[in-house]
Structures are given as structure tokens and as C-alpha cells.
Amino acid sequence: MIALIEAGAWGLLAGSALLLGAVLGIVLRFPHWLIASVMAFGAGVLLSAVSFELVGEAYKRGGLAPAAIGTVLGAVAYTVGNMALARRGARHRKRSGHRQSQPSEAQASGSGMALALGALLDGIPESAVIGVSLVDGGAVSMVTVAAVFISNVPEGLSSSVGMRKAGRSKSYVFGVWEAIAGASTLSAVLGYAVVGGFSPSVIAAVTAVAAGAILAMVADTMIPEAFDDAHLAIGLITTCGFLLSFSLSHL
């Protein structure tokens, strides 16, 4: 029971970063180059976490086959879901509206719900692996929690700016992120409770599935926003995010 509560608390902490980003995006005005830079940094953090914490851990637990197959399946599942939501208006859900913008409800009926479901699709794999990291009585992967938290701030910031520019109310914006924070909590709990009784190979595959989904999400939604207003330091900033996460995983 204590482990379930712990999993939920870590999931809530990671998900609450979306709310923090939303507050920053709505209360303060940031230039597009800064939003792009922060998103690039978050992408670098997640890329490193996927490589060394998730796929690496899946390989240690189950070997190459579960790690590779799970990663591919996760990427496929995310891509299929993302394609379905993109047709409903959620294609640019992490865009802040400089060159590509989110549609308003008048432009695309049902896009508001699609945006909310898209945010859910992005957040579930990240939180699930936090719960999975507690399996077998281990301590939570602080690197994974830190990586998700750090990357969620720019995600919430950029997406919230885009929602507001598309004419959506503050109550809608905060309602979406509050719901995602709650879903992150539940996802972490289920990641621990459901996966806990499985064999190491299955746990490895589940971890890899989440890794593949996160990797596809980074490539499809975070990197395009980061490079939408690209400047010469974007690659360096992404590298700094990658090295921060790499350093945390080896401390």
C-alpha cells in the first residue's frame, strides 16, 4: 500500500510540472526563441532518459529482444494514436503559435477534446515508467522523475500559450493540465500495481514500450516546436539537456 502511495506521489509531482508550465505560459510573456530553447532542452533531457534509464534498464532486465520489440511497439502505438488525434485537430498541440498554430474550436470542431486526449497520450507513458521503476521493492528512478518534470515544464508552457492564442479559456487550459496531472498519478500507480507481478522479461518489455512511445513523442511534438523558431544555439541547448540527464543517471 505504501508503495502504491509513493508511486502516485511521484507521478503527481512529475505531472504537476505541466501546471507550472501552464502558469508561466499564461501569466508571463516569453519570446518564441526562449520557448523554443526551453523545449529543446527538455527534448534533450528526455532523449537521454530514454536511452540510459528506460531502454538501458529494459535491456538489463530482459535482454535485447524485449527491449527492441517493446520500443518498436511503443513507437507504433503512439504514432497510430497520434495520427488519429492529428486528424481531429491535435497535430500542433505543443506549438506556441509562431509559425504553426493550434486550431480553434470554430476552425476544427472537436479539436479541444483532441488536444486534451493528445496531452493524455503524451503524458501516460512518462508516468507509467515512474511506477514501474518501483517494482521489486526498488527506489524510484529519480533521474526518470527529474527528466519528466524538467521536460513537462516547457511542454505545459508552449502548449498553454498555443491554447490561449487559439482562443481557449484559462479554465480550459488549467482544466486540461489538472486532468493530466491526475491521470499521471493514476498511471504511475497502475504502472506499479499492474506490472509488479510480471516476469522480468515482461517488465522489460513494458518499460521499453513506454520508452518507444516517449521517443516518438519527442520526435513528433517536442523537436518540431524547438526548431520552429530555430537559432544557432538550439543544437547546443539540446545537447546540454542530454548531458544533464546523463550526468544525473551516473551520479
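The exchange below concerns a helix pair and two pockets in a predicted model.

User: What makes the residues of H2 and H5 count as meeting one another?

Analyst: Contact is set by heavy atoms within 4.5 Å, and under that cut-off H2 residues including Ile 35, Val 38, Gly 42 and Ala 49 meet H5 residues, among them Val 143, Ala 147, Ile 150 and Val 161. By class, this contact has 14 nonpolar, 5 polar and 3 charged residues.

User: How is the packing of H2 and H5 described, and is the crossing left-handed or right-handed?

Analyst: Helix H2 (residues 32-62) packs with helix H5 (residues 142-165) at an angle of about 145 degrees, their axes lying 9 Å apart, and the crossing of H2 past H5 is left-handed.

User: Why is Ile 124 called a lining residue of the largest pocket?

Analyst: A lining residue has an atom within 4 Å of a pocket point, so Ile 124, as one of the 20 residues lining this pocket, satisfies that cut-off. Ile 124 also belongs, with Pro 125, Ala 128, Ser 187 and Ala 210, to those nearest the centre. The pocket has a volume of about 310 Å³, and H6 gives the largest share of its lining, 7 residues.

User: How do you know which classes make up the lining of the second largest pocket?

Analyst: Asp, Glu, Lys and Arg count as charged, so Arg 29, Arg 164 and Lys 165 in this lining fall into that class. The full division is 5 nonpolar, 2 polar and 3 charged, whereas the lining of the largest pocket has 17 nonpolar, 3 polar and no charged residues.

Notes: Residues numbered from 1 in each chain as written. Predicted model: local features only at pLDDT ≥ 70, side-chain atom pairs only at ≥ 80, totals over all residues. Heavy atoms only, no water. Axes fitted to C-alpha atoms, helices over the stretch in contact; angles between N-to-C directions. Helix = DSSP H or I, 4+ residues; strand = E, 2+ residues; numbered from the N terminus. Left-handed = near helix turned anticlockwise from the far one by under 90°. 1 Å grid on protein atoms, 1.4 Å probe; cavity = no way out; pocket = protein on both sides within 12 Å on 5 of 7 lines; lining within 4 Å. Points joined across faces, edges and corners; volume = space filled by probe spheres on them.
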